Amino acid sequence: HMKAEKSDNIKKNYQEISVKELLAMSAVQEAIKKYVAVPEKILIKGARSPYQNPDTKLVTQKIEGMSGTSIMDATAVGFTLVGMELDSQNAINKMYRIVDYTVGLEANMAGGKFGGYAAKGLKLLVTKMEEVRNGENENA
């Protein structure tokens, strides 16, 4: 674990640094979280089948949901669940709380081809979430 932290301190030439790698650094993630608002609770509206990367064995799952306190301020939310899975049948219309997350760059994909990164908006990668049980909906 120490090795990962150490690599955060090695500076790379500004012209050569990978923006994606820079954003993934723990210190950068911590700084970003001070300025980026992520919904605390999400009503799950859809969950795709989990996908396991054959190389990394990492399981990811695309999730769609709604956040907000009322119909009036409801916002559609899309994110990728990483390293854990939701039961795509069971989780629908249930409230979940985001416990931990990272953000990444949102790729512009056109016809399966990479078209650079979006200038606006980040990709939300949720690493831990839990179901909100009845009775704690009001004052969580």
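The following paragraphs describe the fold, the nonpolar core, the pockets and selected residues of a predicted model.

The chain comprises 140 residues, of which 23% are buried. Three helices and six strands are present, and their order from the N terminus is α-α-α-β-β-β-β-β-β. Among contacts with a separation of 6 or more, 54% join residues that lie 24 or more positions apart. The exposed area of the chain is about 10200 Å², and carbon and sulfur atoms contribute 54% of this area.

Attention turns to the interior. In soluble globular proteins, nonpolar side chains tend to be buried together. In the present model, the largest nonpolar core contains 19 residues, and Ile-44, Phe-79 and Val-126 have the most contacts inside it. Two or more residues of this core are given by each of strand E1 (41-47), strand E4 (75-82), strand E5 (95-110) and strand E6 (113-131). The largest share, five residues, is that of E5. When neighbours within four places in sequence are set aside, the contacts of Phe-79 are with Ile-42, Gln-61, Lys-62, Ile-63, Leu-124, Val-126 and Met-129. One of these partners, Val-126, is itself among the core residues with the most contacts.

Thr-80 is likewise located in strand E4. Thr-80 is classed as buried because its relative accessibility is 7%, with the limit for burial set at under 20%. Beyond residues up to four places away in sequence, Thr-80 touches Thr-60, Gln-61 and Lys-62, as well as Lys-123, Leu-124, Leu-125 and Val-126. Gln-61, Lys-62, Leu-124 and Val-126 also appear among the contacts of Phe-79.

Two pockets were examined. The largest pocket has a volume of about 390 Å³. Its lining consists of 14 residues, and those closest to the pocket centre are Lys-20, Gly-104, Leu-105, Lys-123 and Leu-125. Helix H2 (19-24), E5 and E6 each provide at least two lining residues. The greatest contribution to this lining, five residues, is made by E5, the strand that also gives the largest share of the nonpolar core. In terms of residue class, the lining of the largest pocket is made up of eight nonpolar, three polar and three charged residues.

The second largest pocket encloses about 290 Å³ of space. Its lining is formed by Pro-39, Glu-40, Lys-41, Leu-43, Met-66, Ser-67, Gly-68, Thr-69, Ser-70, Ile-71, Ala-74 and Met-95. At least two of these residues are supplied by E1, and at least two by strand E3 (59-67). Six of the lining residues are nonpolar, four are polar and two are charged.

Thr-102 is situated in strand E5. With a relative accessible area of 29%, Thr-102 is partly exposed, because this value falls between the 20% limit for buried residues and the 50% limit for exposed ones. Although 73 residues separate Thr-102 from Gln-29 along the chain, their C-alpha atoms are 6.7 Å apart. Gln-29 is also a contact partner of Thr-102, together with Lys-123, Leu-124 and Leu-125, when neighbours within four places in sequence are left aside. Two of these partners, Lys-123 and Leu-125, are listed among the residues closest to the centre of the largest pocket.

The loop between E4 and E5 contains Met-84. The relative accessibility of Met-84 is 23%, and this residue therefore counts as partly exposed. Met-84 and Thr-127 lie 43 residues apart in sequence, whereas the distance between their C-alpha atoms is 7.1 Å. Outside its neighbours within four places in sequence, Met-84 is in contact with Gln-61, Thr-127, Lys-128 and Met-129. Gln-61 and Met-129 are also partners of Phe-79.

Positive phi values in residues other than glycine were found in two loops. Asn-93, in the loop between E4 and E5, has a phi of about 65 degrees. Lys-57 has a phi near 65 degrees and is placed in the loop between strand E2 (51-52) and E3. The relative accessible area of Lys-57 is 53%, so this residue is exposed.

Notes. Residues are numbered from 1 along each chain as its sequence is written. This is a predicted model: local features need pLDDT of at least 70, side-chain atom pairs count only at pLDDT 80 or more; totals for chains, interfaces and linings use all residues. Side-chain values use heavy atoms; hydrogens and water are left out. A nonpolar core is a set of buried Ala, Val, Leu, Ile, Met, Phe, Trp, Tyr and Cys residues joined through side-chain atoms within 4.5 Å. Buried means under 20% relative accessible area, exposed over 50%, partly exposed in between (1.4 Å probe, protein chains only). Helices (H or I, at least four residues) and strands (E, at least two) are DSSP runs, numbered from the N terminus. Contact means heavy atoms within 4.5 Å. On a 1 Å grid over the protein atoms alone, a cavity is a set of points where a 1.4 Å probe fits but cannot get out, and a pocket is an open set with protein on both sides within 12 Å along at least five of seven lines; lining residues have an atom within 4 Å of a point. Grid points are joined across faces, edges and corners, and a volume is the space filled by probe spheres set on the points. Ala, Val, Leu, Ile, Met, Phe, Trp, Tyr, Cys and Pro count as nonpolar, Asp, Glu, Lys and Arg as charged, and the others, Gly among them, as polar. Accessible areas come from the Shrake-Rupley method with a 1.4 Å probe; for residues, only the protein chains shown count as cover.
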